[in-house]
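Here's a quick walk through a few spots in this fold. Have the sequence and the 3D view open as you read.

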Amino acid sequence: MKSVCFYFQVHQPFRLRTYRFFDIGKNHYYYDEYFNRMIMRRIAEKCYLPMNAILLEQIQTLGSKFKISFSMSGLAIEQMELYAPEVLDSFRKLVATGQVEILAETYAHSLSSLRNKDEFREQVAMHTRKIQDTFGITPTAFRNTELIYSDQIGADVAEMGYRVMLTEGAKHVLGWKSPNFMYANSINPKLKVLLRNFRLSDDIAFRFGMQSWADWPLTAEKFAGWLNNLNPKEEVVNVFMDYETFGEHQWAATGIFDFMKKMPAAILAGNQYQFATPTELAERLQPVSAIHVPYPISWADEERDITAWLGNNMQDEAFARLYELTPKVRSVDDAALLRDWQYLQASDHFYYMCTKWFSDGVVHKYFNHYPSPYEAYINYMNVLADFTIRVNEAIPGEHSPESDLRQTGEALLNLGASIGKTALSQVKKAARQLEDTVRRKEQELRPAFDDLVKLSDAKVKKLVKELEAEDLLAALNEAGDELVNKVLPNMSKKTREAFEKARAEAGRISKTKTREARKKVEEKMKEFFG
């Protein structure tokens, strides 16, 4: 029996108040308490409390047949403790059922895995202690901030003792492979890797309430049907998303809560799937191959990379200045400084500085209280300047008024330079993105080669009949099993003989030849079927 794994991310940062240049050295409180309280209370009432009640009801109804998993950053737990303790109690009730797994991650939902291995390990350990204190359990599966993953990050996680890690099933990494299998880290194969099925995940997270979507409205029965129609050889479907999807990003009026009430039973009704947690899957499944990810990926934006946080000069500058302080911060024993060190590492601060436009622009406005990314950068750098002064004051011999003034002056000079460079680069990038969008829309107007699997057998037979055997062979080169199995049975005897002859005579088929052959198939599809 195949498995389906539902995972939800729970995180909220401590957002910064408006912190001006003249506050540096005078006011050491950085946080907008009113706004943080308001956001947490709003999400608690619109999402956390109603959704937790639904999940608890489903577990009580279905028993061990229904299982889910969460990650909860240390900052989110702290805010629940401060502003919404009843939410934390509702999560405790879920965990107490034994049907809910809590995953390990960085305490601050930080980008430390990209910069400092020791800081990364320390934050994971700090998060584990928080989960132990809050829920009385020790996490055994891992997810990094925003599903950020690379070969090296995976190897670092394996060193910490984790057996399984979650990440994005990015197309540019997988190629023709399916995300619906268990994979392994390419450096340390002992770490198993679960990949997010981004199409099915985003159908719920982003497209659920979109009435212009061809598959709207999405019902529990329709979603279960999509699962049941997947390749029977595939082993697991991973549906990962922000927990705020329910009630916040997708409002209750869209029917999202009714969908979640009916979804578990609809999936189980087909007798093809069982719900499972990441740790259970690690025990049950063996990797089909290693996954090679030399450069970091994430689940963010169309690119599925880390440019949402480190994609312009402002972000790079702020990130570098923050982590330059690591050795100094780790040498002090000051609870207030160490608390602020965690809060300032939250990836959200860098996300607010993102200057991406077009398709991803709306996503970057979620819970963003800054009028522009430039103001987010200036505000953060002002806070960081004050934090740097406090760190230096805490270390004997590091502090002097002259050095503090010099550092602040240098920071001001860097502000203008970084903003100017970023503005120019973003205008150029916007032009390139517009060109890419136009090109992509043009491509969407013609049928894609992969759409062949959606055609009826009669249409496939008609299509195959009009294509040369050599073109069919090249087009099917490195195609998935589902597509190959759709074409071969619909060949006539004559076409199959010509196809087998061409395969026997063919040598290595180049990628260029495959692309050209697939383009011919797409042109025929458009000619015949529109």
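## A covered strand and two buried residues

Let's begin with strand β8, residues 236-242, which is mostly covered: 6 of its 7 residues are buried. Bear in mind that this is a predicted model. The partner of β8 here is strand β1 (residues 2-10); the two run parallel and are joined by 7 bridges. To pick out one of these pairings, look at valine 4, whose bridge partner in β8 is valine 237.

Now for the helices. Two residues are worth a look, and the table puts them side by side.

| Residue | Helix | Relative accessibility |
|---|---|---|
| Glutamate 119 | α4 (residues 117-135) | 1% |
| Proline 373 | α15 (residues 373-394) | 16% |

Is glutamate 119 buried or exposed? Its relative accessibility is just 1%, so glutamate 119 counts as buried, the cut-off being under 20%. What does glutamate 119 touch, once neighbours within four places in sequence are left aside? Its contacts are Ser112, Tyr323, Thr326, Arg330, Trp341, Gln342 and Gln345.

Proline 373, in helix α15, also falls under that 20% cut-off: at 16%, it is therefore buried. Not counting residues up to four places away in sequence, proline 373 is in contact with Met314, Tyr352, Met353, Cys354 and Thr355. For the tyrosine in that list there's a backbone figure too: the C-alpha atoms of proline 373 and tyrosine 352 are 5.7 Å apart, with the two residues 21 places from each other along the chain.

How values were computed
Residues numbered from 1 in each chain as written. Predicted model: local features only at pLDDT ≥ 70, side-chain atom pairs only at ≥ 80, totals over all residues. Heavy atoms only, no water. Helix = DSSP H or I, 4+ residues; strand = E, 2+ residues; numbered from the N terminus. Buried < 20%, exposed > 50% of the residue type's maximum accessible area, 1.4 Å probe, protein only. Contact = heavy atoms within 4.5 Å. Pairing = 2+ DSSP bridges.
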